[in-house]
Every structure is written in structure tokens, then in C-alpha cells.
Amino acid sequence: MGRQEADETGFAVFVAAHEQRLRQAFTSLWGPDRGREIAIDSLSHGWENWDRVRLMDNPVGYLYVVGRERSSRNRWRREQPVADFVVPSESRSPWYEPTLPALLGKLSDRERQVVVLVHAFDWSLTEVAELLEVSKSTVQTYADRALKKLRSGLGVRT
């Protein structure tokens, strides 16, 4: 197998293993459509720089930072961060809370991202901490703060 084929195979294996989680990370900030576009853009950057990216200790974390930085300064700048989180009426379950997207929009980006990754996509605190390059206790603090705000907004007493 030649170098080009090895690179293509290595990158394909990387994408198969990590694309979904990278897309979820961006979706937790920008919703499903923009999240998918930003994930594709960051993976394209990964392919263009695969010689360097494949040697990194945390290539997913690096591509997350690349996507986040590119999205914050270009066409993905958002006005309504969670407008895309509205669930179509035909797929809503009986326990769907219609005010939740607006309440998520009132959270800070980091709080929203943590609560969506942990509670919607079932990431562990450790996985979120690795992606965001913060401590597990910091992730727990963001999650606790976000849940407290969401419960308050929903009128839930604990």
C-alpha cells in the first residue's frame, strides 16, 4: 500500500470513529444543520493537514477548536443559537417541552453545550472535558448551573 492509500485509509478510519461525536459537539452549539456544516468544514481541514493532525494527542479536540474558531468569524455567525433545536411536531413525544429551545438559548454557549452533550447525546463528563480541554469538575459545574437555570425556567422544583 502506497503512502497516499495509507493516508486515505487512516483518515477514513479516523472519520468513521470520530465524525459523529464531532458533529454532536458542533450541533450542541449551532443546531443540527450548521453543526453538520461546521463538522464537515473542520474534517476537511483535518484531511488537508492530515500529516500533522494524525500525530496529535487530541486530534478531535484540535478539529473542534478549528471549527469553533472558523465558525465564530465567518458565515456561521449565529443570531439565534438554538433555533434549529425545535423538534418537528410529527416527531415530538408526549413529554416534549415547547419552551425548552428558548430556555436553551438563554444559557451561555458553554452551559448549553455541556448540558446538550451530557443529557441529549449521553456523553460522559470526562468525554466533554477532553473535548473542551477543561477539568471534569468544570464540566460538572457548567452542567449543574445549566440544569438549575432550565429547571427554574420550566418552573420545576427540586
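**Figure 1. D122 is exposed, with a relative accessible area of 66%.** This is a predicted model, and our tour starts in the loop between α5 and α6, where D122 is found. Look at the backbone here: phi of D122 is positive, about 65°, although D122 is not a glycine. Where can you find E133? E133 is in the loop between α6 and α7. E133 has a positive phi too, near 55°, and is a residue other than glycine. E133 counts as exposed, at 56% relative accessibility, because exposed means over 50%.

**Figure 2. The whole protein is built with seven helices and zero strands.** Let us step back for a moment before the next close-up. Reading from the N terminus on, the elements run α-α-α-α-α-α-α. The protein has 158 residues, and buried residues make up 37% of them. Now take the contacts between residues at least 6 apart in sequence: 65% of them join residues at least 24 apart.

**Figure 3. Helix α7 has its buried residues on the same side.** Helix α7 covers residues 136–154. With 19 residues, α7 reaches 27 Å from its first C-alpha to its last, close to the 27 Å expected at 1.5 Å a residue. Which residues of α7 are buried? They are V139, A143, A146, L147 and L150. These residues cover an arc of only 100° around the axis, so they sit on the same side of α7. Part of what covers them comes from other helices, including α4 (100–106), α5 (109–120) and α6. Turn to the face of α7 that points away from the buried side, and you will meet the exposed residues S137, K148 and S152. Just after the helix comes G155, whose phi is positive, near 75°.

**Figure 4. A143 and T141 are two residues of α7 to compare.** Is A143 buried or exposed? A143 has a relative accessible area of 3%, so A143 is buried, as the cut-off for that word is under 20%. From A143 to L125 the distance is 9.1 Å in space, C-alpha to C-alpha, with their positions 18 residues apart in sequence. T141, which also lies in helix α7, has 40% relative accessibility and counts as partly exposed. T141 and V114 are 27 residues apart in sequence, while their C-alpha atoms are 9.6 Å apart in space.

**Figure 5. E111 is a buried residue of helix α5.** The relative accessible area of E111 is 2%. Which residues is E111 in contact with, if we leave aside its neighbours within four places in sequence? Here the contacts are Y142, R145, A146 and K149. You may recognise A146 from the earlier view of α7, where A146 is one of the buried residues.

**Figure 6. The second largest pocket holds about 210 Å³ of space.** Rolling a probe the size of a water molecule over the atoms shows where empty space is left. Around this pocket you can find F14, H18, R21, N58, P59, V60, G61, W123, E127, E130 and L131. Which helices each supply at least two residues of the lining? They are α1 (3–48), α3 (59–73) and α6 (125–132). Sorted by class, the lining has five nonpolar, three polar and three charged residues.

Methods
Residues numbered from 1 in each chain as written. Predicted model: local features only at pLDDT ≥ 70, side-chain atom pairs only at ≥ 80, totals over all residues. Heavy atoms only, no water. 1 Å grid on protein atoms, 1.4 Å probe; cavity = no way out; pocket = protein on both sides within 12 Å on 5 of 7 lines; lining within 4 Å. Points joined across faces, edges and corners; volume = space filled by probe spheres on them. Helix = DSSP H or I, 4+ residues; strand = E, 2+ residues; numbered from the N terminus. Nonpolar A, V, L, I, M, F, W, Y, C, P; charged D, E, K, R; others polar. Buried < 20%, exposed > 50% of the residue type's maximum accessible area, 1.4 Å probe, protein only. Expected span 1.5 Å × (residues − 1). Arc of directions from axis to C-beta. Contact = heavy atoms within 4.5 Å.
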